[in-house]
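Work through the following exercises with the sequence and the coordinates at hand. Each task is followed by a solution that proceeds step by step.

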Amino acid sequence: MRAYLLRRLWQSAVTLVGVSILVFVILRVIPGDPAKMLLPEGAPPSAVEALNRHLGLREPLWVQYAIFLRSVVRGDFGQSFQYRSPALRVVIERVPATIQLTLAAMAVTVLAGVPLGIVAAVRQRSAWDYASTVVAVLGQSLPNFWLGIMLVLLFGVTLRWLPTSGFGGWLSLVLPSVTLAAFPTALVARLTRSSLLEILGQEYIRTGRAKGLGEPRVVLRHALRNAMIPLLTVLGLQIGTLLGGAVITESIFAWPGMGKLVVDAIFFRDFPVVQTILILSATIFVLINLVVDLLYTVLDPRIRYG
Amino acid sequence: MTTPRLTRRRFVVGSGALLGATAVRPRAARAQARRGHIIAGLSERMLTLDPANHYSISSTSVLRHVYDPLLDVTNDDKFVPALAESWKALNNTTWRFVLRKGVRFHDGTPFTADSVVFTLKRVRDNTKLIKSFVYQDIDDVRKEDDVTVTVTTKRPFGSLPAHLTMLGMLPPSAGGNEDGFFAKPVGTGPFRFTSWTHGDHVELEANAGYWRSSAPKVDRLTFRFIPELSTRAAALRAGEIHVIDRVWPDMVSTLKGTSGIKVHDVPAVEAQRWHFQLAREAGKDPRVRKAVSLAIDRNTIIKELLLGYARPVVSPVPPGLIGHTNLGQKPYDPDRARAILKQAGHQSLTLDFVLMKDLYPKQLEIAQAVAAMLGDVGVKVNIRNLEIATAREQRTAGNYDLFFSGWAHMPHDPDWYFGQWFTKAGAEKMTRFNDPRVEQLIAEGRVPDPKVRQQKYEEIQKILWEDEPEIWPYYSVAIYAVSDKLRNFEARRDYYVLLHEVAIA
């Protein structure tokens, strides 16, 4: 197990260095000039050139990469071109909003998706099952931006029950998290249903019933636990995706999260911020994958890493 | 509705309050007149608290409440005193500013000539600052006494007062530790900085000791950053905020139809300008430029696509600014356009029309209409709707024939526009414009004398109007939507949201 862990950590480190080089090179290959994006349209070419020099963009590529690595070791990830403050600080400031939205959306996903899936599986081909299918299809097919705007118009503008946008207080979390959770909830509901159905047909479930276990115990304790494995993979990936930001939902709700930050940083060619976010989200992805792999052993004692 | 009954107790309490109110000192009276909390929704996120380090309209909207400039500019383009009580050009390259006495920064330190010397030298010398390039012509900034400053420039800099309306004054103490200072900055403005939640909002509170006794009118001011127009409008309609900027024409009817909301519009200090690439085959030929201009039906664009929220152009410089003149509207005459193209031998012309994605209201629809209009006279148009950074790279590389752009004269002065787009050095990597006559006139128009400037700018525009290196399709209109609880709101021509004198019911 220990050897496995060390091997996985080493692989993760190599992956992250690879990601950093890739991000670094791609940013500098795509067209677009950071100084021009910072200065107004009417700035003379000499000012553009001077600012690019100040930003260190006239150094050879490997020197720029070395400077960047040094800033990573130093712990600030370089100066954001746009915000003129350490890139890591700019990104960290968006972390609370991003985590709040991710957790809220995941809570909605699990609390709505799993029960929907269970009901659909246990009451297969009943009205419950069809209703759950309709909800799932809607959740997967309604575009985020449309759903978000409709929710804002209904609950924000017309009924005035919830704030239309912004970051502050749990009320402001409701609409964005529901919008964001629509798709993964549908996904989780369908997945729970199909894996539960498969497991409910297994012999050990029949054995459980035969020895007189109650239905809730059979479903929740024996079947659901085994059905959780594919679910956990999907949830893990969803958390990774959500932590990387949810651009459309963040735009609709003026939510100060990571997604809008990275998109704006790409538009404005704020290289240090893009690099920081991408490397951090790659790190989170790699770590979550690792944790999920380790969690398998907890859920299913037959899985062993050696 | 219930009518309050006048009881004996109420009468006694009320009379006491009335007596008290008549006896309070003037500052307390001001504090009483000042109440409420205005929340504004702005279209861009603020990036910095440093007034010299941005040209962002949203940042200016926020920071103009915290820092005062030396001069202010009114909505009818008059330059009026702010921290400078008066100013004068002593000769073509020397300016003298006499400062307002008794003004204090929010931390209590006095505003003096040292502040002006520090602020101007900082922006000139620290070339990392975004506004630095504008001030490179400053030669020296000298303190004559505590309230007098002399600025000498390397060449005539007639637009210096205009640019100074965009530069907030800082205390010299900001110099020691800029990071620390801008974490909690102080200015002399009507509001003090309280907090900034990045990407979300900025909080300001009233500066009770503001030097202008009529401001501020409210206790608190919050600027929320809501880049999506539909979200901004929803927040206003839900009553969460009181004013939004950058409303697009097609949103106006929805907002006008909501009770409690008023829509304000005003001709902006911006002219749309689609520039030709003058070194490419099509743009090089003045006959092609003329034909393209004749083929575009500007009035239809204004009426049908912008729903009347734009004005026909009569000279490149918009009305109100120095240099504006009436050269008459450009005609729409497709027959003549066809004849000119035929005569010039351009029977199958194709133009690349480059757009900076989502930058201007209705730009894609307008470009499509233009493509149809030009198609009507036999010119094929390739619309290339590119991400902003890519579009600007393409322009530098010269890979375009016509480029969709606008120019907002933010200092309320056209010198910057002319100097950037119609001098060889400025236009070299842009439009490739090069006309020594125009260049000479621009240099002559840099003197402080407004009469000379007006005359030179009129001459420049006559040449440009004839030569048509750009198409000027319309002057933009700035549209704001405001809660009817706000009193005294002024829709600014420069797109700023300025709430110094605005009260809330």
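**Exercise 1.** In this predicted model, determine how many bridges join S4(B) to strand S5 of chain B, and place the two strands in their sheet.

Solution. Begin with the pair itself: S4(B) and strand S5 (residues 94-99) of chain B run antiparallel and are joined by six bridges. As an example of the register, B:Ala89 has B:Trp95 in S5(B) as its bridge partner. Next, widen the view to the open sheet of four strands in chain B, whose order is S4-S5-S7-S6 with antiparallel pairing. Strand S4 (84-91) and strand S6 (138-145) each have a single partner strand, so these edge strands of chain B are each left with one side lacking a neighbour in the sheet. From one strand to the next, the twist averages 20°. Finally, add helix H4 (residues 113-125) of chain B, which lies across S5, S6 and strand S7 (148-153) and runs at about 170° to S6(B).

**Exercise 2.** Decide whether B:Met169 is buried or exposed, and describe its surroundings.

Solution. First locate B:Met169 in the loop between helix H5 (160-164) and helix H6 (178-183) of chain B. Its relative accessibility is 0%, and because buried means under 20%, B:Met169 counts as buried. Then list its contacts beyond four places in sequence, among them B:Tyr67, B:Leu83, B:Phe105 and B:Phe111.

**Exercise 3.** Describe how H6(A) packs against H9(A).

Solution. Helix H6 (residues 95-122) and helix H9 (residues 171-200) of chain A pack at an angle of about 35°, their axes being 6 Å apart. The crossing of H6(A) with H9(A) is right-handed, and their contact has 19 nonpolar, seven polar and one charged residues.

Notes:
Residues are numbered from 1 along each chain as its sequence is written. Chains are lettered from A and ligands numbered from 1 in the order in which they are written. This is a predicted model: local features need pLDDT of at least 70, side-chain atom pairs count only at pLDDT 80 or more; totals for chains, interfaces and linings use all residues. Side-chain values use heavy atoms; hydrogens and water are left out. Two strands pair if DSSP finds at least two bridges between them. Axes are lines fitted to C-alpha atoms, for helices over the stretch in contact, and angles run from 0 to 180 degrees between N-to-C directions. Contact means heavy atoms within 4.5 Å. A crossing is left-handed if the near helix is turned anticlockwise from the far one by less than a right angle, and right-handed if clockwise. Ala, Val, Leu, Ile, Met, Phe, Trp, Tyr, Cys and Pro count as nonpolar, Asp, Glu, Lys and Arg as charged, and the others, Gly among them, as polar. Buried means under 20% relative accessible area, exposed over 50%, partly exposed in between (1.4 Å probe, protein chains only).
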